[in-house]
Amino acid sequence: MSASQNTLPTAAKTLVIFQATGIGDLLWLTPYLHRIAAGSRDGKVSLLANPTTRARDLFAADATVAEVIDFTGRRRRDDPKQLHNTLRGLLRLAGELKQRRFDRVFVFGGRANLAFLTFAAGIKQRHGYGFHWVQRLFLNRRPFIKNRRGVSYENATAFAIALGLCDAPQIPKLSIPASLVEKMRARFAAARRPLYALGIGASAPEKQWAPANFRLLTERLLQRNCGILLAG
């Protein structure tokens, strides 16, 4: 255990803030979220994330996430007043967080407005990436890290390592509701085994795989009498 980890308080009511907006990005946070929760009150943390991450769905069966709090910069039809990318919105959210009386917060992100949010919420121990001096104005705990060219999972891993939560990248594991597992097991009971799931499509061109590659892979799996699930 590193010196950085020894400085983290135990049994503290903890908030984790996640800046990125993608579902896959949030999945990479899972192992580090669990490590933080292990040293937090009741083995749980609260998570503040953008609704686009589908955090409530992803952590529906995860006992370490006590609650999910929405942070959004877009107006929603079901709640047009919920807008946090303005000063008024940030202060309103800060007031809500203050009522929860968090002891510490970990900001997985480099935006200054998120650091300001934790300061305005009166959270005593504020950890974050600290990419630049503006964000560091509102953070009061080290270590800080350098920006890995904006790649969210690399920054999350670097931050976790700097905190002493781990010494290498961790493989994310997601807890799935038992009812959903049984439903899918029944649905694909007749599928060939082994069953391979192919995730087609990605959010950025550099993450995409050419259709020809998927076609060739599918043909080879079929030749081996494998089952195939296409998702995309």
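Mentor: A residue counts as buried under 20% relative accessible area, as exposed over 50%, and as partly exposed in between. The structure shown here is a predicted model, and these terms will be applied to it.

Trainee: Why is valine 181 called partly exposed?

Mentor: Valine 181 has a relative accessible area of 31%. That value lies between the limits of 20% and 50%, so the term partly exposed applies. Valine 181 is located in helix H8.

Trainee: What makes Leu174, Ile176, Leu180 and Val181 a nonpolar surface patch?

Mentor: A patch takes residues with over 30% relative accessible area and no salt bridge, and joins nonpolar side chains within 5 Å. Valine 181, at 31%, passes the area limit. Together with Leu174, Ile176 and Leu180, Val181 makes a patch of about 280 Å².

Trainee: Helix H8 also holds glutamate 182 and arginine 185. Why is the contact between glutamate 182 and arginine 185 called a salt bridge?

Mentor: The term requires a side-chain nitrogen of Lys or Arg within 4 Å of a carboxyl oxygen of Asp or Glu. For glutamate 182 and arginine 185 the N to O distance is 2.6 Å, so the requirement is met. The two residues are three apart in helix H8 (residues 178-187), about one turn of the helix.

Trainee: Are glutamate 182 and arginine 185 buried, partly exposed or exposed?

Mentor: Glutamate 182 has 47% relative accessibility, and arginine 185 has 48%. Neither value is over 50% or under 20%, so both residues are partly exposed.

Trainee: How many salt bridges does the structure hold?

Mentor: There are five. One of them pairs aspartate 57 with arginine 54 at 2.6 Å, N to O. That distance falls within 4 Å, so the pair qualifies. Aspartate 57 is partly exposed at 46%, and arginine 54 is likewise partly exposed at 46%.

Trainee: What makes the pair of glutamate 67 and arginine 100 a salt bridge?

Mentor: Their side chains meet at 3.0 Å, N to O, which is within the 4 Å limit.

Trainee: Why can glutamate 67 and arginine 100 be said to tie together parts that are apart in sequence?

Mentor: Glutamate 67 belongs to strand E3 (residues 65-70) and arginine 100 to helix H4 (residues 87-100), so the pair links parts 33 residues apart in sequence. Glutamate 67 has a relative accessible area of 25%, and arginine 100 one of 26%. Both values lie between 20% and 50%, so each residue is partly exposed.

Trainee: Why is arginine 101 called exposed?

Mentor: The relative accessible area of arginine 101 is 68%. This is over 50%, so arginine 101 is exposed. Arginine 101 sits in the loop between H4 and strand E4 (104-108). Its phi is positive, about 55°, although arginine 101 is not a glycine.

Trainee: What is the phi of asparagine 225?

Mentor: Asparagine 225 is a residue other than glycine with a positive phi near 65°. The residue is in the loop between helix H9 (211-223) and strand E7 (227-231). At 45%, asparagine 225 does not pass the 50% limit, so it is partly exposed.

Trainee: Which residue does a cis peptide bond join to proline 143?

Mentor: Arginine 142 is joined to proline 143, with omega about 10°. Proline 143 lies in the loop between helix H6 (133-136) and H7. A cis peptide bond also joins arginine 193 and proline 194, with omega about 0°. Proline 194 occupies the loop between H8 and strand E6 (195-199).

Trainee: How do the residues of the lining of the second largest pocket divide?

Mentor: The lining has five nonpolar, four polar and two charged residues. Gly counts as polar and Trp as nonpolar. Among the lining residues are Gly22, Asp25, Trp28, Tyr153 and Lys207. The pocket holds about 280 Å³ of space.

Trainee: Which element gives the largest share of the lining of the second largest pocket?

Mentor: H2 gives the largest share, four residues. The elements that give two or more residues are helix H2 (23-38) and helix H7 (152-163).

Definitions and conventions:
Residues numbered from 1 in each chain as written. Predicted model: local features only at pLDDT ≥ 70, side-chain atom pairs only at ≥ 80, totals over all residues. Heavy atoms only, no water. 1 Å grid on protein atoms, 1.4 Å probe; cavity = no way out; pocket = protein on both sides within 12 Å on 5 of 7 lines; lining within 4 Å. Points joined across faces, edges and corners; volume = space filled by probe spheres on them. Buried < 20%, exposed > 50% of the residue type's maximum accessible area, 1.4 Å probe, protein only. Patch = residues over 30% accessible without salt bridge, like charges linked within 9 Å, V, L, I, M, F, W, Y side chains within 5 Å. Areas by Shrake-Rupley, 256 points an atom, 1.4 Å probe, with all protein chains shown as cover.
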